[in-house]
Structures are given as C-alpha cells and as structure tokens.
Amino acid sequence: MSILSSERLVQPVRLLVALFIMAVVVAGCSGAADEPSGGETSTTSSETGEGSGGGDSSGGDSEETYVILPAFEPASLDPAVGGPGFQEYQNLYEPLVDSYAKDGEIKPLAAESWDVSDDGTVYTFHLREGLKWSDGEPLTAEDFRYAWIRQIDPSVGGYTPDLFFEIVNAEAYLNGEVTDPAEVGIAVLDELTLEVTLTQPAAYWLRVTGTNAYFPVRQDVIEEHGDSWTDPETFVGNGPYKLDEWVRDQRIEFVKNPEYTGPWADSRHIDRIIYRTFQDPWNEALTPYEAGEVDAALIPAADLERVESDAEMADNVVRIPLAGGSIMVFDTQSAPTDDPLVREALVRAVDFDALANDVLRGAYAQATSFSPPQMSSHDPDTFPEFDVEAAQDLLAQAGYADGVGFPTLELASWTLARETLIAQALAAMWSENLGIEVSIEILEPAAMTEWRNTRAEEDFDVYLALQWAELEDPRFFHVSQLDPRGNVRHSGYDNPGYVTALDAALSAPDQTAYDRLWKEAEALINRDLPIVTTVYEARPWVVSDVLSNFTEVTTEASEMIRVAQPPGLQVNR
C-alpha cells in the first residue's frame with residue numbers, strides 16, 4: 001500500500017486538470033471489479049475443419065459475409081454452466097423476451113405475448129407458432145419448463161439459480177426442501193402456453209426472463225449426449241445463429257440457423273460469425289485488430305491515448321455506454337462521514353461536470369443521480385447540485401467551519417488509471433473548496449478486494465468502486481449495494497425508510513408502480529448519500545470501417561454484441 005498524498009492539496013482544480021491531461025493517460029475502464037480473468041478450457045474439443053479465423057479469411061464460401069470478433073473462450077455453451085461466453089449465448093439462443101433493447105422496452109421474442117394476473121403473481125406466456133430447434137424439431141413450452149427446472153436442480157449446480165427464486169418453490173427445490181419439480185410454480189398448459197406463479201408480485205421478473213439463465217434447452221439431447229451436447233456435432237439451439245465449428249482456444253464459428261423465423265430473422269445480414277477466442281479479450285484484442293485479424297476490439301487503458309491520436313484509428317473509436325459507473329462509498333457508521341451534513345458537503349463540493357468533461361476529457365458521462373440513465377430510478381431532480389458556498393455552510397453546520405478541526409479524510413482506490421484520476425480530482429476539489437486534508441491510498445486490485453471485504457468489521461471514510469448492472473433495471477443497481485440485510489459495499493447504511501421503499505418496489509404489482517417506487521427509493525439515496533456515482537460508465541472500442549451498426553447491436557447492460565439485433569450488424573469488405 002502506498003500513500004500518494006497525505007498533505008493538504010491546495011492547487012486550483014483547473015491547474016490539476018491541466019497537469020492530469022499532460023501527465024496521465026485517461027483510461028477506459030478495463031472491466032468490473034469482479035470481471036472474469038480469462039477463458040476456461042473445456043474437457044471436449046471439436047476440430048471439424050481448417051482454420052477460418054483472421055482478417056483475410058472468409059470462413060467458408062467466398063461469397064459469405066462474415067465478421068471476426070474477440071471473445072472469451074467459453075467454459076461451455078450450456079446456459080446452466082454460465083461464466084465466460086455470454087457473447088456467444090445471445091446469438092445461439094432466443095429467450096421468451098428481449099430484455100436488452102436500446103429503448104429499454106421489453107419486446108417479444110419466443111413469446112409473442114404474455115398475460116399477467118391482476119395480483120401480479122401469475123404470468124402466462126404464449127409462444128409463437130412454428131418455433132423450431134436448429135435441427136428442425138418442434139420447440140414447445142415444455143422445453144422452457146425443463147430448462148428452468150434444470151437450472152435449479154441441485155444435482156446440476158446451475159450458474160445463477162437465484163434468478164429463479166421469485167418463482168414458487170424454486171429456492172426450496174434447489175435446497176432439497178421440495179423434491180417434486182411439479183411443485184415448482186412452472187406449468188405447461190399446452191405446447192404453446194407456459195404458466196409461471198411467483199411468490200409475490202415482482203414487476204422486474206419479466207425482464208429477468210430475457211437473461212441467459214432462462215434460455216430453453218432440449219431434454220432428449222442432453223440425456224443422450226451428456227456434457228458433450230454442446231459440441232458442434234450435437235448442439236441444438238433456437239437462436240438466429242447455430243454452432244458450426246469450435247476449435248478450442250482458437251475460434252468458434254456460427255452460421256445462420258435455417259430454422260429460425262423469429263423477429264430477428266430479417267436483420268441477419270452476416271452469414272458467419274467468427275469468434276477469435278482469448279484468455280482476456282478485453283485487453284488482448286487490440287494488437288490483432290491492428291494486424292487486421294479481428295474487426296473490433298476494446299481499447300485497453302494504456303493504449304487509449306495512442307489510439308485516439310493515431311491518424312488511421314482515431315475516427316474508428318466509439319464509446320459504448322454501459323448501465324453502470326464509478327462510485328464512491330462512504331462509511332455511514334463512523335465519524336466524520338457518519339454525519340449526513342458532512343456527506344452532503346463533500347458531494348456538493350465536487351464539480352461532477354468538470355470531473356467528467358475536463359479531468360476525464362468527456363470519455364464518460366457526468367453523474368447526475370445514483371443510478372445511471374438507463375434505469376427507471378434515475379432521478380436528477382433530487383441529486384445535490386455543485387455549490388461550493390452551500391458545501392462550506394454544511395460543513396460549518398457539522399462543526400468544521402473552514403475545515404478547521406476536520407480529520408484527514410482517507411480515500412481508498414486502486415491501480416486503475418481512471419480511478420486514480422478520479423481520486424486525485426476529488427481530493428483536490430475537497431481540499432480547495434472545503435479546506436480539508438485528504439489522504440489517498442492506492443491498492444493493487446487483489447489488495448483492494450481484500451480491503452473492501454473487511455470493511456464490514458473495520459472503519460473507513462470513503463473508497464472508490466465499480467458497479468455494472470446485469471440488466472437495465474434498478475433492482476440490479478440498488479439491492480446488491482444498499483440493502484442493509486446483505487450487500488457488497490459495507491457502507492453501513494440502514495435507513496428503515498429506504499428498506500420500506502425497496503421492499504415496496506420489489507413487490508410492486510405493475511411496471512408503473514415499480515418505476516414510481518424506485519424513484520422514491522432513489523430520492524432517499526440522493527438525499528442520504530451513502531454511495532454516490534462519480535461518472536457513468538462507457539467502454540472505448542475501435543471498430544473497423546467494414547462494420548456498420550456496431551453501437552446499435554451492442555447492449556448497454558452486460559455488453560453483448562447481438563449480431564442480429566435490429567437493425568443488425570452489417571459488413572462491407
């Protein structure tokens with residue numbers, strides 16, 4: 001651990017910003033705090049042809065249109081296994097609904113419609129007629145029921161069984177308290193109708209059915225082939241593309257699924273998707289991009305300035321917004337940050353516009369509420385405005401006029417270039433605007449994780465962290481960070497009013513009530529300020545001129561490139 005600064009910072013913010021721009025590379029975020037460290041090697045291998053990856057290869061017929069994208073090597077293409085491979089999943093399978101549309105609306109996919117009971121606990125899905133698996137066999141409601149029961153089967157060890165716990169007896173089935181799957185609240189009414197009963201109203205649950213965990217799988221194929229059912233020779237899916245070839249630790253190739261007739265059928269402008277697999281595609285794909293071996297790549301932090309100043313690549317840099325942000329977490333149980341007046345003073349002393357647009361050169365959006373703008377809870381009207389005079393008055397009310405007597409504020413962060421910039425800018429603003437001393441502690445990522453995990457027992461002042469949402473839904477931004485009954489941030493925030501608002505939102509009977517109640521919960525967080533978002537997330541990509549609609553097909557939650565998502569990725573070589 002090293003202390004970057006333990007003395008009072010008195011430089012004007014403008015000077016600090018200028019020095020940052022001259023001296024430090026402004027970095028795009030290289031991943032979430034809990035990001036995977038690389039691909040996993042599967043136990044089976046299918047090598048059905050010569051290599052077709054690389055920028056000069058067509059991947060097959062010379063008339064084929066193809067795209068080459070970087071990806072993690074998946075542990076498996078089985079939705080129950082999960083882990084690295086989420087890019088591939090969303091092109092091989094079609095869930096009941098699309099939960100990741102750019103406009104935030106939930107759209108029909110395998111289900112052409114659905115009904116919700118008056119009390120909000122029973123969902124009835126009506127599947128499209130003519131659904132087929134990629135081998136031409138009919139797909140029915142039973143395939144969804146089987147897949148979902150399999151996810152919570154304790155003998156399977158599903159990756160995210162908790163995503164099913166809203167369903168009656170799902171958690172009890174996982175825990176062995178219920179042994180008959182017929183007692184779980186998933187029922188097949190006929191071949192095209194699936195009925196699901198929840199333990200209580202949960203307006204957010206419909207969006208959850210669009211995640212990877214809720215994909216259908218085929219019982220007969222799994223029972224016949226076991227773990228090898230996802231090999232190219234035996235794989236079946238129901239998505240716009242199907243698995244064609246998988247050379248382990250090299251590439252995976254998909255081709256159009258001829259049996260797919262769903263809403264995305266006409267936006268499949270690309271015949272073949274070639275994934276070049278890496279241990280860490282977030283940081284390893286730029287060099288292959290520059291060599292013409294892949295068509296797009298995330299730009300690692302250390303390379304961003306070079307790429308943006310490169311005459312051949314600068315115009316190809318695009319930033320994809322993500323439903324997340326860089327956050328600062330206050331200890332609400334220990335002085336001095338246990339005082340709401342102190343927290344509000346610290347927040348009002350920060351110029352979030354300058355932070356985003358001067359310090360970080362506009363690479364990220366200014367934070368204007370706790371949750372990002374993709375969330376219905378986003379509420380800029382209740383977020384404190386930058387106001388130095390008000391901040392100074394609040395600090396005086398807390399007993400620290402002009403910063404006199406205020407203890408040195410300890411700010412912890414880690415060795416991510418962007419977060420270091422944010423930490424230094426916050427320290428400078430607090431020192432200049434409030435007259436307080438700030439000590440910055442920069443930790444290596446592993447040490448930061450260990451440090452953060454001990455905050456439940458040990459006091460702190462404030463630390464920086466990252467939060468990305470799995471879905472564009474407030475539940476996936478609020479609950480894991482702020483629910484006092486269990487969260488990963490350890491701010492100690494325990495406002496009974498917030499708990500009441502949170503529980504009311506989670507049991508809201510409809511979307512209108514759900515959105516309204518989350519705004520009420522967000523207003524409390526914007527008032528009490530246990531956690532404050534500093535900038536909203538975005539990821540820098542460099543995208544070849546041969547591609548069109550790249551931004552349109554890349555999701556703002558979970559960052560998935562869904563090649564057939566309307567208007568569909570296009571290529572012109």
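Here is a short conversation about a predicted protein model and the reasons behind some of its labels.

User: Happy to start with the overall picture. What makes up this protein, and how many of its residues count as buried?

Analyst: The predicted model has 18 helices and 20 strands. Of its 573 residues, 59% count as buried. Among contacts with a separation of 6 or more, residues 24 or more positions apart account for 72%.

User: Why is helix H11 called oblique to H13?

Analyst: Helix H11 (residues 352-359) and helix H13 (residues 417-434) pack at an angle of about 135°, with their axes 11 Å apart. Roughly antiparallel needs an angle over 145 degrees, and roughly perpendicular covers 65 to 115. The angle of about 135° fits neither range, so H11 is oblique to H13. The crossing of H11 past H13 is right-handed.

User: Which residues make that contact, and what classes do they belong to?

Analyst: H11 brings Ala354, Leu355 and Val359, while H13 brings Leu421, Ile422, Ala425 and Met429. Sorted by class, that gives seven nonpolar residues, with no polar and no charged ones. Ala, Leu, Val, Ile and Met are all on the nonpolar list, so each of these residues falls in that class.

User: Where does H13 fit in the largest nonpolar core?

Analyst: That core holds 163 residues, and Trp148, Ile167, Trp205, Met328 and Trp430 touch the most other members. H13 gives the most to this core, with nine residues. There is also a second, separate core of 15 residues, including Ile274, Ala285, Ala297 and Leu304.

User: What does Ile167 touch, leaving out residues up to four places away in sequence?

Analyst: Its partners are Val184, Gly185, Ile186, Val196, Thr197, Leu198, Thr199, Trp205 and Tyr214.

User: What makes helix H15 "mostly covered"?

Analyst: H15 spans residues 475-482, and seven of its eight residues are buried. Those are Arg475, Phe476, Phe477, His478, Val479, Gln481 and Leu482. To count as buried, a residue needs under 20% relative accessible area. The cover over them includes helices H5 (205-208), H16 (496-506) and H17 (511-528), as well as strands E13 (317-330), E17 (462-468) and E18 (531-543).

User: How do you know that Asn549 is partly exposed, and is Glu559 buried or exposed?

Analyst: Asn549 has a relative accessible area of 22%. Partly exposed lies between the 20% and 50% limits, so Asn549 belongs there. Glu559 comes out at 4%, which is under 20%, so Glu559 is buried.

User: What makes the phi values of those two residues worth a look?

Analyst: Most residues other than glycine have a negative phi. Asn549 has a positive phi of about 70° although it is not a glycine, and it sits in the loop between strand E19 (547-548) and H18. Glu559 also has a positive phi, near 50°, and is found in the loop between H18 and E20.

User: Which peptide bonds are cis, and where do their prolines lie?

Analyst: Most peptide bonds are trans. One cis bond joins Ala335 and Pro336, with omega about 5°, and Pro336 lies in the loop between E13 and helix H10 (340-348). Another cis bond runs from Pro566 to Pro567, with omega near 10°. Pro567 lies in the loop between helix H18 (550-553) and strand E20 (570-571).

Notes: Residues are numbered from 1 along each chain as its sequence is written. This is a predicted model: local features need pLDDT of at least 70, side-chain atom pairs count only at pLDDT 80 or more; totals for chains, interfaces and linings use all residues. Side-chain values use heavy atoms; hydrogens and water are left out. Axes are lines fitted to C-alpha atoms, for helices over the stretch in contact, and angles run from 0 to 180 degrees between N-to-C directions. Helices (H or I, at least four residues) and strands (E, at least two) are DSSP runs, numbered from the N terminus. Angles under 35 degrees count as roughly parallel, over 145 as roughly antiparallel, 65 to 115 as roughly perpendicular and the rest as oblique. A crossing is left-handed if the near helix is turned anticlockwise from the far one by less than a right angle, and right-handed if clockwise. Contact means heavy atoms within 4.5 Å. A nonpolar core is a set of buried Ala, Val, Leu, Ile, Met, Phe, Trp, Tyr and Cys residues joined through side-chain atoms within 4.5 Å. Buried means under 20% relative accessible area, exposed over 50%, partly exposed in between (1.4 Å probe, protein chains only).
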